[in-house]
Amino acid sequence: MAASYKPRKGDKSASASGADSSSIRKWGFRAIFLALFIGFCQFANSINDRFYVLTPAELNETVQHSLKLASQLSTNSSSNSEVIISTLIDQLVEKHPEISWQTDFRNKKDWVFNNAGGAMGSMYLLHASITEYIIIFGSAVGTEGHSGRHTADDYFHILTGQQTAYEAGDLSREIYNPGDVHHMKRGVVKQYTAAPETWALEYARGWIPLMLPFGFADTFFSTLDLITLYHTVRVTGKEMIKNLLLGKI
């Protein structure tokens, strides 16, 4: 009768076989998790439109009307941005009283800097939920950078100044002036610039939390401005949680 074989302590072949089996199981679990995650994301993207309250076309109509009203109210170009933003916010509140709006844009404590993709600007959050946000965004001195590759559609409704952009391979730039809409489609990446004193109504629709890592990365790897990060999280988180409690996803 043949003697049974038991691997002795230090048997390299048995140890290697066990390690290979363990590695295969780990990668198998990772592949299953990745497939489930991708499937969940595809399902989530198929239903998020049922949670939207705003539309880009309606917002553009409001912007156009606000620009027209502001031009009639203001004769001083130095205060034009303030008049346009004030008129626009009044119009948004009037058209959508069901939405919880932040309206005190003259309060500097509610403005925060935003560093993302190498570009720097400041923003005032008007509304934020899990599937939508709408902000006033821009720069008094101008900026340039990477748009990011997002899971949400982003619409820049230009209020003042000028924004330019292009995709890799384009040999001429896109130009957006007051009243124009720059649609940064989900999954598409661009380089963009904003001239000094360019301000826009930015509307994003999609799964907003997935955009946040791009917005925070420059803080951790470049600016290390943790105070601004705190205020960004405070303002954004407060609005998202408040709207979630109100039933707005």
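## Contacts and overall make-up

Of the contacts in the protein between residues at least 6 apart in sequence, 70% join residues at least 24 apart. The model is predicted. Its secondary structure consists of five helices and ten strands.

The protein has 249 residues, and 41% of them count as buried. Its accessible surface comes to about 14,600 Å², with 60% of that area belonging to carbon and sulfur atoms.

## The sheet

Six strands make up an open sheet with antiparallel pairing, and their order is 1-2-3-10-5-8. The edges are taken by strand 1 (111-116) and strand 8 (181-184); each has a single partner strand, so one side of each is left without a neighbour in the sheet. From one strand to the next, the twist averages 30°.

At one of these edges, strand 1 pairs with strand 2 (residues 119-128) in the antiparallel sense. Six bridges connect strand 1 and strand 2. Within this part of the sheet, Asn115 stands opposite Met120 in strand 2.

## Helix 3 on the sheet

Helix 3 spans residues 80-95 and lies across four strands of the sheet: strand 2, strand 3 (132-139), strand 5 (152-160) and strand 10 (198-206). Relative to strand 5, helix 3 runs at about 130°. The edge strands of the sheet, strand 1 and strand 8, are not named among the strands that helix 3 lies across.

Note on methods
Residues numbered from 1 in each chain as written. Predicted model: local features only at pLDDT ≥ 70, side-chain atom pairs only at ≥ 80, totals over all residues. Heavy atoms only, no water. Helix = DSSP H or I, 4+ residues; strand = E, 2+ residues; numbered from the N terminus. Buried < 20%, exposed > 50% of the residue type's maximum accessible area, 1.4 Å probe, protein only. Contact = heavy atoms within 4.5 Å. Areas by Shrake-Rupley, 256 points an atom, 1.4 Å probe, with all protein chains shown as cover. Pairing = 2+ DSSP bridges. Axes fitted to C-alpha atoms, helices over the stretch in contact; angles between N-to-C directions.
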